[in-house]
Amino acid sequence: MYTTLNDIRAFNPCKEGWKTLLKSLGKTKADDEPLSLLQVLSSNGLSDTLWCFGVVDDFEKEKRLLAVAFAREVQHLIKDETLLSALDVAERYAYGLLTEQELARTQDAVYAVTVKAWGTEVTSEPANSIGFLVEACVEDHVYPLDAASAAQDAVWFHALSTDHKNSVDALDRVQEKQQGLLRSMLERLT
């Protein structure tokens, strides 16, 4: 999967990430030379690489499947059956096995679950993050960065609520796993 520095620049990247990328490439300004997202991952890490998906056209199937893979990594935190089944729907939709109308019905069901949860006093940060995570998988346009961030938040808040000492380790593990999933996907596409 490739982009260019000019394409990235057109989306106004953060200054620090932009400087890091240019420095790693030995460049001082943007150009139209093909740039592998694997190179971005090596120089800038997970978040910046996921952000770069915004400048890559197409690959909607891969974006959705990556978002679902991030959700599957924290699936043990998803307690609602509607949200769990939404992940299956997102995968089937990515493979072209469902229509936009079927995806829209799932979106409505997911939104109903998350809105209902937000209206209760027992809503927790992990539950909110899980809602955002599943929403990120069933949206019309999927942004894997949103799914990765929501999964990280869910793990972080869950760890804080259960074993505060291990919360940083839990977050590190999920980020490491996400980076591995992203790297594997990019290697297949490059």
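Buried, for a residue here, means under 20% relative accessible area. Keep that in mind for the close-ups below, which come from a predicted model.

**Close-up A. Glu60 and Lys63 pair up in a salt bridge.** The closest N and O atoms of this pair sit 3.4 Å apart. Both residues belong to helix 5 (residues 60–73), and because they are three residues apart, about one helical turn separates them. Lys63 has a relative accessible area of 6%, so Lys63 counts as buried. Glu60 comes in at 37%, which makes Glu60 partly exposed.

**Close-up B. Arg72 and Glu91 form a salt bridge between two helices.** Their side chains meet at 3.0 Å, N to O. This pair ties together distant parts of the chain: Arg72 lies in helix 5 and Glu91 in helix 6 (residues 81–94), with their positions 19 residues apart in the numbering. Arg72 is partly exposed, at 25% relative accessible area, and Glu91 is partly exposed too, at 26%.

**Close-up C. Lys27, Asp31 and Glu33 make up one salt-bridge network.** What joins these residues is salt bridges that share partners. One of the contacts is between the side chains of Asp31 and Lys27, at 2.6 Å from N to O. Lys27 is partly exposed, with 22% relative accessibility. If you want the count for the whole structure, a search turns up five salt bridges.

**Close-up D. Four aspartates form a negative surface patch.** The members are Asp7, Asp32, Asp57 and Asp58. Take Asp32 as your landmark: look for Asp32 in the loop between helix 2 (15–25) and strand 2 (35–36). Asp32 has 56% relative accessibility, so Asp32 counts as exposed.

**Close-up E. Cys14 has no disulfide partner.** A disulfide is a covalent bond between the sulfur atoms of two cysteines. To be called one here, a pair of cysteine sulfur atoms has to be within 2.5 Å. For Cys14, the closest cysteine sulfur is in Cys52, and that is 9.5 Å away, so the two are too far apart for a bond. Searching the whole structure gives zero disulfides. Cys14 itself is partly exposed, at 46% relative accessibility.

**Close-up F. Cys137 is a buried cysteine.** Its relative accessible area is 0%. Cys137 has no disulfide either, as the search of the whole structure finds zero.

Terms used. Residues numbered from 1 in each chain as written. Predicted model: local features only at pLDDT ≥ 70, side-chain atom pairs only at ≥ 80, totals over all residues. Heavy atoms only, no water. Patch = residues over 30% accessible without salt bridge, like charges linked within 9 Å, V, L, I, M, F, W, Y side chains within 5 Å. Areas by Shrake-Rupley, 256 points an atom, 1.4 Å probe, with all protein chains shown as cover. Lys, Arg positive; Asp, Glu negative; His and termini not counted. Charge placed at Lys NZ, Arg CZ, Asp CG, Glu CD. Helix = DSSP H or I, 4+ residues; strand = E, 2+ residues; numbered from the N terminus. Buried < 20%, exposed > 50% of the residue type's maximum accessible area, 1.4 Å probe, protein only.
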